[in-house]
Amino acid sequence: MMNFENLLVEIVDGIATVTINRPKALNALNEQTLGELQSAFSHFAEDDAVQVIIITGSGEKAFVAGADIAAMQPLSALQARTFAKLGHQVMRHIEACPKPVIAAVNGFALGGGCELALGCDIRLVSDNARFGQPEVNLGVIPGFGGTQRLSRLVGKGLAMELVLTGDMIDAGEAYRIGLANKVIVQADLLDAAKAMAAKIISKGPLAVRLAKEAIRNGLEMDLDKANQYEAELFGLCFASKEQKEGMLAFLEKRPANFSGE
Ligand code: CAA
């Protein structure tokens with residue numbers, strides 16, 4: 001069904017685990033890999049068997065060490081712009097996926113790798129993870145949304161520091177600044193990501209979907225519009241059986257049954 005050159009995809013119990021698999025290049029993102037991520041996420045959006053997606057990197061060293069430097073080195077200005085736009089499309093596609101996406105950051109998340117993690121909804125990171133936007137070392141700037149999403153997540157000052165110095169930070173520092181949601185010993189990282197995915201899957205599916213939409217789209221509006229939007233989506237929840245069951249179950253002091261079985 002989904003045969004990729006640079007991705008491994010496994011779908012079990014509603015969880016799609018995507019492993020970026022170019023270990024010889026520390027899972028660097030080239031055009032092929034970006035295209036494959038794009039198709040995989042188009043599929044996940046439509047496939048009812050997929051409720052939460054986890055993205056990780058193969059091996060124990062790297063999540064993704066960046067966009068592929070060997071592939072970028074000879075690019076012309078126009079080709080580089082096209083490559084950045086492809087990266088943007090892919091990160092946007094992941095961010096806009098109607099299902100939650102967890103990054104299980106199992107090592108280096110540099111440049112395009114940090115940007116890929118930033119496109120995900122939640123970042124769980126191993127204790128050996130290291131984040132950075134080292135593009136200035138290569139004479140370029142972040143090109144897959146790093147200058148924009150990093151500042152939105154951690155604030156302008158910290159984003160400036162990371163992008164202008166190219167410094168790497170470890171997992172503890174990433175946690176301290178809100179780039180990592182949790183730090184987990186590497187051997188347990190994928191299990192922890194799957195446990196979080198299973199917890200999300202056990203909740204009301206429409207509520208989860210609308211909650212992601214409310215946070216994601218609301219952040220791009222002013223507060224009054226965003227609150228109005230939240231009220232619309234809150235109202236929409238009441239059109240579902242899920243809301244009747246969730247609230248009735250609370251009142252009857254029993255667990256909610258969202259699967260309808
Ligand atoms: N692109 C292509 N190949 C890469 C790569 C990348 N981003 N990162 C690592 N590799 C390759 C190395 O070239 C090396 O290949 P060979 O064995 O064929 O020489 C292999 O992966 C292993 O890497 P190292 O030998 O360098 O491993 P190390 O342990 O000494 O260092 C590292 C690890 C610190 C992550 C180092 O590999 C590194 O600095 N990588 C580049 C990180 C980087 O600059 N990323 C940003 C890229 S630019 C970008 O992403 C732009 C954008 O926003 C769109």
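## Polar contacts with the ligand

A polar contact is a pair of N or O atoms within 3.5 Å, and in this predicted model a polar side-chain atom of Lys 61 lies 2.6 Å from an oxygen atom of the ligand. Backbone atoms also approach the ligand: a backbone N or O atom of Ala 65 lies 2.9 Å from a nitrogen atom of the ligand, and a backbone N or O atom of Ile 69 likewise lies 2.9 Å from a ligand nitrogen atom. Taken alone, the ligand exposes 990 Å², of which the protein buries 62%.

## The shell around the ligand

Helix α2 (69-72), strand β6 (108-110) and helix α4 (112-119) are the elements that give two or more residues to the shell around the ligand. In total 23 residues surround the ligand, and the closest are Lys 61, Ala 67, Gly 112, Glu 115 and Glu 135. By residue class, the shell divides into 14 nonpolar, four polar and five charged residues.

## Overall fold and confidence

The protein has eleven helices and ten strands. Its radius of gyration is 19 Å, close to the 18 Å that the globule rule gives for 261 residues, so the protein is as compact as a globular protein of that length. The C-alpha atoms fill a box of roughly 65 × 40 × 35 Å along the principal axes, and 43% of the 261 residues count as buried.

The mean pLDDT of the protein is 97, with 99% of the residues scoring at least 70. Among the elements, helix α11 (residues 241-251) has the lowest mean pLDDT, 96, whereas strand β5 (residues 101-105) has the highest, 99.

Methods
Residues numbered from 1 in each chain as written. Predicted model: local features only at pLDDT ≥ 70, side-chain atom pairs only at ≥ 80, totals over all residues. Heavy atoms only, no water. Near = heavy atom within 4 Å. Polar contact = N/O pair within 3.5 Å; in protein donor to acceptor, adjacent residues only side chain to side chain. Areas by Shrake-Rupley, 256 points an atom, 1.4 Å probe, with all protein chains shown as cover. Helix = DSSP H or I, 4+ residues; strand = E, 2+ residues; numbered from the N terminus. Nonpolar A, V, L, I, M, F, W, Y, C, P; charged D, E, K, R; others polar. pLDDT = per-residue confidence, 0-100. Rg over C-alpha atoms; globule rule 2.2 N^0.38 Å. Buried < 20%, exposed > 50% of the residue type's maximum accessible area, 1.4 Å probe, protein only.
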